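Here is a short tour of one protein chain, written for someone who likes to check claims against the atoms. Keep the viewer open as you read.

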Amino acid sequence: MSGNIQLLSDTLAAAKAEGRSALIAYLPAGFPTVDGGIEAIKAAFEGGADVVEVGLPHSDPVLDGPVIQTADDIALRGGVKIADVMRTVKETYEATGKPVLVMTYWNPIDRYGVERFTAELAEAGGAGCILPDLPVQESALWREHAEKQGLATVFVVAPSSKDARLAEITAAGSGFVYAASLMGVTGTRESVGAQAQDLVERTRAAGAGAALPVCVGLGVSNAQQAAEVAGFADGVIVGSAFVKRMLDAPDDQAGIEGVRALAGELAKGVRRQA
């Protein structure tokens, strides 16, 4: 079975054709349990998410703030394994028919084996991987296997990225470019700010030939912020706000309902564009 990069591209293109940004949700696998995580991801799709990123929990998540670190810790203490991540991708894709990516740091893939990881992700119906700490100049082996398996390779750019670096990343990446809206770790913010819009514009200019969609993450937590970012980005990525709904809920079922409700609010936000 080939991976679902085409489904991801078609989904982002369909949102653009509707005159809106795509809503991309992030939730870690194995949180609060493997089964509970699968139900939460389904709820995000049911609420209105177009794409979901499944986090592969890591003991040293350098990009992630305290909310996602807490969820990762719960998942790791629960014994989550890469096999559970693949199962999460497979079951959510089969239940919804929508694009599911994995967001992971490089070390777990390196230890697991690039060929094995990409083959299993494609077999599960995954659409690709977001790799926040894999330098583009060291990504040839990954990209070779990802392309062979029909998987997107999503790189992360930051406000500090120079134009030459943006050009290199947009040329090497596929699916979309993940634009980190600010320097720092994931988490909700009072404001997403003009820095994000500038980064989107610079990334588009640098990758004019590639024309990859540019999706913005880090800091979006409510419908108003989603609408603001939707005014200039191809996709709005929300993670910590979903995880916080789960952490703050009195029980797992209430957390899953909270995820569904937040996805509905954010889906309205990306459709009204501030």
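## A warm-up residue

Does Ala230 count as buried or exposed? With a relative accessibility of 4%, Ala230 falls under the 20% cut-off and therefore counts as buried. Please keep in mind that this is a predicted model.

To find Ala230, look in helix H10, which covers residues 223-230. Another way in is through Gly19: 211 residues separate Gly19 from Ala230 in sequence, yet their C-alpha atoms are 9.9 Å apart in space.

## Overall build

The protein holds 12 helices and nine strands. Its radius of gyration is 17 Å, close to the 19 Å from the globule rule for 274 residues, so the chain is as compact as a globular protein of that length. Measured out along the principal axes, the C-alpha trace spans about 45 × 40 × 30 Å.Buried residues account for 59% of the 274 in the protein. Among contacts with a separation of 6 or more, 74% link residues 24 or more positions apart. The protein exposes about 10800 Å², and carbon and sulfur atoms supply 49% of that area.

## The sheet

How are the nine strands ordered in the open sheet? The order is E5-E4-E3-E2-E1-E9-E8-E7-E6, and the pairing is parallel. Strands E5 (152-154) and E6 (156-157) form the edges, each pairing on one side only. Strands of a sheet pair through backbone hydrogen bonds, either parallel or antiparallel.

Let us walk through part of this order. Strand E1 (residues 22-28) runs parallel to E2, and five bridges join them. Ile24 stands opposite Val51 of E2, while Ala25 has Val52 as its bridge partner. On the way from E2 (residues 51-55) to E3, there are four bridges, again with parallel strands. Here Val52 appears once more, this time opposite Val100 in E3. Three bridges then join E3 to the parallel strand E4 (residues 128-130), where Ile130 is the bridge partner of Met103.

## Two covered strands

In a regular strand the side chains alternate between the two faces of the sheet. E2 is covered on both faces: Val51, Glu53 and Gly55 are buried on one side, and Val52 and Val54 are buried on the other. Five of the five residues of E2 are buried, so the strand is largely enclosed by the rest of the structure.

Strand E3 (residues 100-103) is covered on both faces as well. Val100 and Val102 are buried on one side, with Leu101 and Met103 buried on the other.

## Helix H4

Helix H4 covers residues 82-96. Why does its length agree with expectation? At 1.5 Å a residue, its 15 residues should span 21 Å, and the end C-alpha atoms are indeed 21 Å apart. After H4 comes Gly97, which has a positive phi near 70°.

The buried residues of H4 are Ile82, Asp84, Val85, Met86, Thr88, Val89, Thr92 and Tyr93. Which elements do they pack against? Their neighbours are helices H1 (5-17), H2 (34-47), H5 (106-112) and H6 (114-123), together with E2 and E3.

## The nonpolar core

In soluble globular proteins, nonpolar side chains tend to be buried together. In this model, the largest nonpolar core has 90 residues. Those with the most contacts inside it are Leu27, Phe117, Trp142, Phe176, Tyr178 and Phe242. Helix H12 (residues 252-272) gives the most to this core, with seven residues.

Leu27 is a good one to select in the viewer. Leaving aside residues up to four places away in sequence, Leu27 touches Ala40, Ile41 and Ala44, then Glu53, Val54 and Gly55, and also Phe242, Val243, Met246 and Val259. Of these partners, Glu53, Val54 and Gly55 are buried residues of E2, and Phe242 is among the core residues with the most contacts.

## A buried histidine in a loop

Where is His58 placed? His58 sits in the loop between E2 and helix H3 (66-77). Its relative accessibility of 15% is under the 20% cut-off, so His58 counts as buried. Setting aside residues up to four places away in sequence, His58 touches Asp72, Leu76, Tyr105, Asn107 and Pro108.

Conventions
Residues numbered from 1 in each chain as written. Predicted model: local features only at pLDDT ≥ 70, side-chain atom pairs only at ≥ 80, totals over all residues. Heavy atoms only, no water. Core = buried A, V, L, I, M, F, W, Y, C linked by side-chain atoms within 4.5 Å. Buried < 20%, exposed > 50% of the residue type's maximum accessible area, 1.4 Å probe, protein only. Contact = heavy atoms within 4.5 Å. Pairing = 2+ DSSP bridges. Expected span 1.5 Å × (residues − 1). Rg over C-alpha atoms; globule rule 2.2 N^0.38 Å. Areas by Shrake-Rupley, 256 points an atom, 1.4 Å probe, with all protein chains shown as cover.
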